[in-house]
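Work through these exercises with the model open beside you. Try each task before reading its solution.

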Amino acid sequence: MSGSPAWVRAFRITNVRVVSQAFFLGLFLFLLWVTWLSRLKGYPASLFLEMDPLVGFATALSTHTVYRWLWRGILVLVPTLLLGRAFCNWVCPYGTLHQAAGWLFDIRGNRGRIDANRYRPLYQVKYLVLAVLLVMAALGALQIGLLDPICLFVRTVAVAIAPAVDPSLAGAADRLVPGFGALVFKPGAPEARVFAGAWFVGLLLLGLVGANLVVPRFFCRALCPLGAFLGVLSRFSLFRIDRDVTKCTDCDLCLKGCEGAADPQGALRKSECFVCLNCIDDCPEDALRFRFNPRPSVAGLVEGKSGPGTATLGGLPVLSRDLAVEVKAPDVPRRRWLFAGVAGLLAFPFLRFSKDVNARGFHPKAIRPPGSVAEPEFLERCIKCDQCVNVCPTNVLQPARLAVAGLEGLWTPVMDFAVGFCQLNCVLCSEVCPTGAIRKTSLARKLGLGAFAEQGPIRIGTAFFDRGRCLPWAMETPCVVCEEVCPTTPKAIGTYDEAITRWDGRPVTLNRPYVRPELCIGCGICQRECPVVDDAAVYVTAVGESRSDERTLLLGGKKQA
Amino acid sequence: MGAAPRGSAPGGPSAAERRVLNPRPFRVVRKEPSTAEARAGALVLAGLAAVAGWVAWRGGHPDPSLLADPALQGAKPVAVVVDRGPVAAPDVPGRGADRGGLTAGLAAPGFTEGAVARYDAENLYEKIDGRAEFFLSRGFRSLTSVSLDGPGGTAVDVELYDLGSPQNALGAFAAERAPGVKAASGGGTSWYAVRNALFVARGSSYVRAIGSDESPAVLGQLEALRGAFEREIAAAPRTWTEALFAEALGLGPDRLEYAAENAFSFGFARNVTSARLADGETELFVAPSEDPARAKALAARFTEGFLSYGEKAQVAGVAWVRDRYLGSLSRAVAAGSFVVGVRGAPDAAAAASAASALGKLEKAVLALPPEVARKATESPAGGVKAGSARDGGDGGDGGEGGDPGDPGDGGDG
Amino acid sequence: MAEMDEDRRRLLKGLGAVAGLSLGAGYAALAPPGWPGSLRDPDGERGKPRPRALRLPEGGFAVEPSGVLPLLGVARGSRVDAMLRAAVDAIGGIRRFVSAGDVVLVKPNVAFERSAPLGATTSPEVVAALVRLCREAGASEVRVADNPIESPAACFERSGVRKAAVDAGARVYLPTAADFRLLETPGATHIARWPFFWRPFAGVTKVIGVAPVKDHNLCRASMTTKNWYGLLGGRRNQLHQDIHGIVADLALMLRPTFVVLDGTRVLWRSGPTGGSLADVREGRTLVASTDSLAADAFGWDDLLGRAGEPLPAYFAKAASRGLGTPDWRSANAREVQVG
């Protein structure tokens with residue numbers, strides 16, 4: 001290596017790309033790491049979700065609006081229109097994870113790599129996935145979060161990785177290197193965080209990452225709806241990899257490191273190319289360049305017969321046998337697009353008419369966080385990213401299981417008061433929600449104070465006593481933890497105080513609790529702290545929640561317009 | 001393969017095949033990156049730096065409404081003042097500060113008076129951290145201090161403590177006096193000098209004057225100070241205990257120690273005056289009570305208190321309590337509405353002589369006129385009342401919840 | 001011949017491996033439990049987990065009792081630093097309790113996520129003053145720790161205690177799952193063995209409780225004694241079945257160096273959570289005491305204004321164990337007016 005100065009070699013574009021990937025993966029993890037009360041400050045914790053253009057586009061389809069920070073999708077959209085799917089190999093943290101895993105565990109030689117990186121028809125699937133998801137979104141069932149890589153990765157970190165990493169960081173790692181304990185995702189969480197279905201979210205990650213051993217970038221190439229979305233857009237991109245047929249010897253070495261399986265050795269598939277630029281590095285003939293506005297075809301310009309040694313282009317002999325240089329659009333036949341559209345049309349009612357997500361027969365345990373919009377709008381907005389679950393200080397917010405919310409509500413946030421409770425002075429979930437499923441809610445609004453005094457506090461449910469399980473009611477045993485911890489003022493739990501003689505003759509004063517429904521906000525701290533821990537004697541269900549007129553409990557409990 | 005590599009010669013891999021079989025797969029085979037490419041790369045890196053900067057900046061500018069507490073709106077919260085500055089005016093030197101009991105013209109010839117500083121209970125620790133409690137428990141009202149600078153770098157620091165009552169002043173005086181140091185008393189003044197220091201109790205004031213050395217100039221200044229205090233500080237009338245111990249036992253006021261509360265570490269023992277006998281160990285004490293019945297009960301409590309460190313013993317037909325650890329003897333008896341007693345007699349002989357002194361004291365107590373007895377039960381004015389919820393001199397703002405009769409406070413909750 | 005040798009060697013190697021593994025496995029599984037390397041556990045007893053229990057030092061963290069000094073120092077006023085100093089001076093001054101090199105744990109009550117003016121938590125101003133006082137006395141480290149009911153990070157943040165403590169030079173310990181160990185308290189009725197927030201206690205030489213004055217729905221008043229509840233982990237919600245017995249146990253479990261009763265803001269109703277400024281009134285008082293029962297009794301009579309009512313039952317229970325004297329009037333109290 002001679003000629004170019006050191007700084008030029010250091011700033012080789014593929015080096016820069018690796019730095020960029022590391023930077024964005026680091027930033028992504030950092031932002032999830034600061035998604036916690038003591039660290040949040042002003043950080044844009046949900047930045048990656050907000051600049052995910054698929055999130056912005058799909059919620060615009062479902063709600064006809066662009067919420068709060070979702071305009072940031074333009075920050076990815078515009079570069080895609082200029083450069084192609086560069087996001088996938090420069091920014092996307094999930095893509096970086098897959099690339100890194102594939103690189104780390106790769107046992108192929110060059111020939112194996114070249115074969116593994118050829119385009120396969122399987123890679124159409126992501127476009128079909130995208131089509132189904134967008135059709136459903138347009139009908140009001142937003143399901144992109146199931147597979148959108150940012151949602152998927154945020155959810156995986158929040159629900160599976162952070163809880164798995166924290167105990168060892170706080171324990172063994174901190175003993176080895178004192179101070180490591182300060183790196184935990186959730187400092188000051190008094191108990192290990194647990195999440196419903198963490199096993200599935202975690203195993204899904206292992207499975208998808210493991211798939212890289214078989215098919216490199218399997219998720220990115222075959223499943224990723226965001227990649228498909230950007231792939232569709234990148235047909236307009238002004239830059240692309242361009243192959244010089246007068247230099248290309250058809251050696252296929254460019255495939256060795258091709259991340260997108262974009263056929264740089266032949267007609268470049270613009271919709272598949274991740275702009276990783278490895279092919280340029282790998283080309284021994286310097287036949288590949290990343291060019292502005294390249295010709296879509298050179299076949300017409302070639303003079304002479306295409307064959308050994310006879311054809312020329314611009315006076316130079318054409319070496320490559322393959323004169324096609326570009327495939328603009330995704331490789332999806334029209335009938336398959338059609339199938340996907342129909343599938344989406346049908347899937348919507350399948351999901352929506354599952355009982356639990358409807359006003360009639362809604363699940364009593366599908367208790368939404370305070371600030372949530374009414375259920376149909378909620379389902380139009382929630383992308384299951386679980387940032388709310390991530391920021392929740394008490395662990396009460398859980399990704400919903402199929403049994404609670406069906407597939408449509410899978411991984412949407414619901415409260416499980418066996419795990420935590422909704423902390424009175426906390427509105428963090430509404431702060432980090434990128435799509436307004438939990439609308440940004442001030443504390444004054446939540447508590448019904450100040451300007452909101454007339455509307456009253458936000459209620460997320462109502463507490464009920466199971467007198468058959470309650471110690472003072474059923475077992476002649478004193479206990480009023482529920483009243484002690486009730487945070488409203490005045491307290492929503494009162495007691496009937498009664499002095500009785502126990503079965504063994506001892507006198508005892510029992511404080512038998514009851515609910516004052518007008519005051520109860522459904523925060524669930526009573527259920528959380530109830531000593532009957534397995535099936536609490538006081539429990540909260542969704543009825544009475546103030547976000548919906550259909551679910552009120554008391555006459556006059558209708559929400560204010 | 002999309003296109004078969006050309007130019008393959010039989011008998012070995014072609015150049016193209018050799019490249020594919022490259023044993024070092026991570027090696028970049030491309031020739032040179034262009035400057036334009038590196039510029040683009042640098043631009044991207046600058047962009048990353050900008051993103052990092054923006055995120056950091058955003059992080060530093062939180063939305064204040066996020067932690068605002070609407071529960072605090074509308075009503076005025078209780079103010080808790082954190083103010084660690086010095087306590088306002090009085091101790092600022094040289095501004096015509098209140099001189100308290102310090103009269104002008106304290107400086108002897110050759111000495112000049114420095115700034116006068118005053119301290120109250122609140123900031124006393126600033127002047128004498130660690131010793132403040134000693135005075136606070138003796139009815140401390142104020143400390144006035146001044147430094148007198150003399151020739152050749154000498155100085156005398158004067159501290160005048162207003163302790164509210166002669167008992168307190170004498171009590172502090174006696175408690176600070178090292179054993180074996182003789183004090184003089186007369187004309188309402190008790191004093192002693194040790195090397196370069198002078199200690200005076202007069203009226204309700206207790207003065208410490210400490211010189212920088214034992215030079216004649218300093219000793220002269222100390223002597224001048226004593227004169228000044230005798231002239232300028234009002235002597236208190238003799239207290240009933242002074243009279244009692246002087247007349248019954250011939251013990252001067254400088255022998256007396258006074259404990260407004262917690263005497264002998266007994267929580268119940270208040271308003272106790274004691275005097276040490278000549279052996280330096282045996283103490284005679286007297287404590288007033290409201291009436292003879294209560295005096296009896298109090299005497300019993302004293303005995304009980306002594307018993308908690310010892311057991312009963314008979315010496316010359318009299319009931320004593322022998323300290324389990326020290327072997328010393330103590331006893332307490334009721335005399336009218338008073339309790340008198342002996343504490344810490346080292347052996348039987350001392351106890352026997354103390355018993356006779358106690359007899360004299362008992363007789364003198366019984367002879368006290370009734371109005372003296374009545375007044376004696378009151379704590380000396382100015383002292384902090386032991387066990388009272390609130391300082392008598394302080395208005396009502398110490399805590400609105402203090403009054404049990406306040407109807408708004410009690411029952412709710 | 002050479003071939004035979006090779007065969008034999010291979011056979012011997014194979015036999016050796018089989019025999020070695022069989023013998024090893026047999027030994028580990030069948031050797032009597034006492035033998036080294038034995039894993040044998042005939043009745044399941046060996047396999048039982050045996051959590052190691054800790055004990056706090058004999059006599060707790062109390063200093064030598066003084067017969068002379070008052071038991072209770074009461075400072076009235078509004079300037080907390082001066083008040084705290086006066087209150088502590090009244091019981092002997094901070095140097096009686098904290099010496100150079102001490103590692104001091106300050107235990108505030110930060111049980112709920114409430115802003116300081118709502119009175120549900122120890123005033124951050126008092127915590128800060130106490131931390132400064134300890135540092136001045138030469139404490140090499142001051143720690144502030146509590147295990148709140150609500151989310152610790154949020155409680156410490158909103159109450160202002162974290163910031164106040166850190167600014168004053170203390171380290172704040174938020175509880176995590178790994179920070180709890182079984183603590184043995186001989187003689188305790190209910191919590192003889194109970195999970196305890198031990199991590200901040202590692203290496204601690206002095207412990208100072210600083211608790212607000214709060215009404216409490218169940219034990220009627222929560223002050224310096226109930227404050228130790230915040231050091232417990234585990235199934236705390238069972239403790240309410242005999243709350244007075246528990247508070248008495250707490251007094252036994254932790255013998256502090258001294259306690260500070262923070263009567264600057266008094267949560268006089270709707271306790272222990274409060275939540276409205278109407279539940280709080282001004283107390284203008286700080287109490288320092290080596291006897292938490294005396295301090296609490298003072299708080300009951302004077303700050304909560306319930307002198308006419310009988311003390312909650314835990315006072316008598318704790319006093320009968322010799323853990324203090326609720327009769328603060330006949331104990332030695334000293335009151336100072338500050339500013």
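**Exercise 1. Find the bridge partner of B:T144 in β3(B), then place β2(B) among its neighbours.**

Solution.
Step 1. B:T144 has B:L160 as its bridge partner in β3(B). Strands here are DSSP runs of E with at least two residues, helices are runs of H or I with at least four, and both are numbered from the N terminus.
Step 2. β2(B) and strand β3 (residues 155–162) of chain B run antiparallel, joined by eight bridges. Two strands count as paired if DSSP finds at least two bridges between them.
Step 3. Look at the hairpin of β2(B) and β3(B). Five residues lie between the strands, and B:G152 takes a positive phi near 65°.
Step 4. Now turn to strand β1 (residues 112–119) of chain B. Its pairing with β2(B) is antiparallel, over six bridges. B:V116 stands opposite B:V146 of β2(B).
Step 5. Check the burial of strand β2 (residues 142–149) of chain B. Six of its eight residues are buried, so the strand is mostly covered. A residue is buried if 20 or more other C-beta atoms lie within 10 Å of its own, exposed if 12 or fewer, and partly exposed in between; C-beta atoms are placed from the backbone.

A note on the model and its numbering. This is a predicted model, in which local features need pLDDT of at least 70 and side-chain atom pairs count only at pLDDT 80 or more, while totals for chains, interfaces and linings use all residues. Residues are numbered from 1 along each chain as its sequence is written, and chains are lettered from A and ligands numbered from 1 in the order in which they are written.

**Exercise 2. Decide which parts of chain B to read with care, using pLDDT.**

Solution.
Step 1. Take the average. Chain B has a mean pLDDT of 73, and 75% of the residues score at least 70. pLDDT is the predictor's confidence in each residue, from 0 to 100.
Step 2. Compare the elements of chain B. Helix α1 (residues 15–20) has the lowest mean pLDDT, 60, and helix α2 (residues 35–60) the highest, 94.
Step 3. Find the weak stretches. Residues 85–97 of chain B stay under 50, yet the model has 21 contacts for them beyond four places in sequence. Two residues are in contact if their C-beta atoms, placed from the backbone, lie within 7 Å. Over residues 380–413 of chain B the pLDDT is also below 50, with 80 contacts beyond near neighbours in sequence.
Step 4. Draw the conclusion. Where pLDDT is low, predicted coordinates should not be read in detail.

**Exercise 3. Describe how the two domains of chain B meet.**

Solution.
Step 1. Set the bounds: domain 1 is 97–232 and domain 2 is 240–376. Such bounds come from an automatic or database domain assignment.
Step 2. Their centres, taken over C-alpha atoms, are 31 Å apart.
Step 3. Domain 1 of chain B gives 11 residues to the contact, and domain 2 of chain B gives 10.
Step 4. Helix α5 (residues 166–176) of chain B supplies six residues, the largest share of the domain 1 side.
Step 5. Sort that side by type: five nonpolar, six polar and no charged residues. Ala, Val, Leu, Ile, Met, Phe, Trp, Tyr, Cys and Pro count as nonpolar, Asp, Glu, Lys and Arg as charged, and the others, Gly among them, as polar.

**Exercise 4. Analyse the side of chain A that touches chain B.**

Solution.
Step 1. Count both sides: 42 residues of chain A contact 40 residues of chain B.
Step 2. List the helices of chain A that each supply at least two residues: α1 (6–10), α2 (13–33), α9 (110–116), α15 (278–282) and α21 (443–447).
Step 3. α2(A) gives the largest share, six residues.
Step 4. By type, the chain A side has 19 nonpolar, 11 polar and 12 charged residues.

**Exercise 5. Explain why C:P200 counts as buried.**

Solution.
Step 1. Locate C:P200 in the loop between β7 (193–197) and β8 (206–216) of chain C.
Step 2. C:P200 is buried because 24 other C-beta atoms lie within 10 Å.
Step 3. Beyond neighbours within four places in sequence, C:P200 contacts C:L105, C:R143, C:A145 and C:Y173.
Step 4. C:D179 is 21 residues from C:P200 in sequence, and 8.3 Å away in space, C-alpha to C-alpha.
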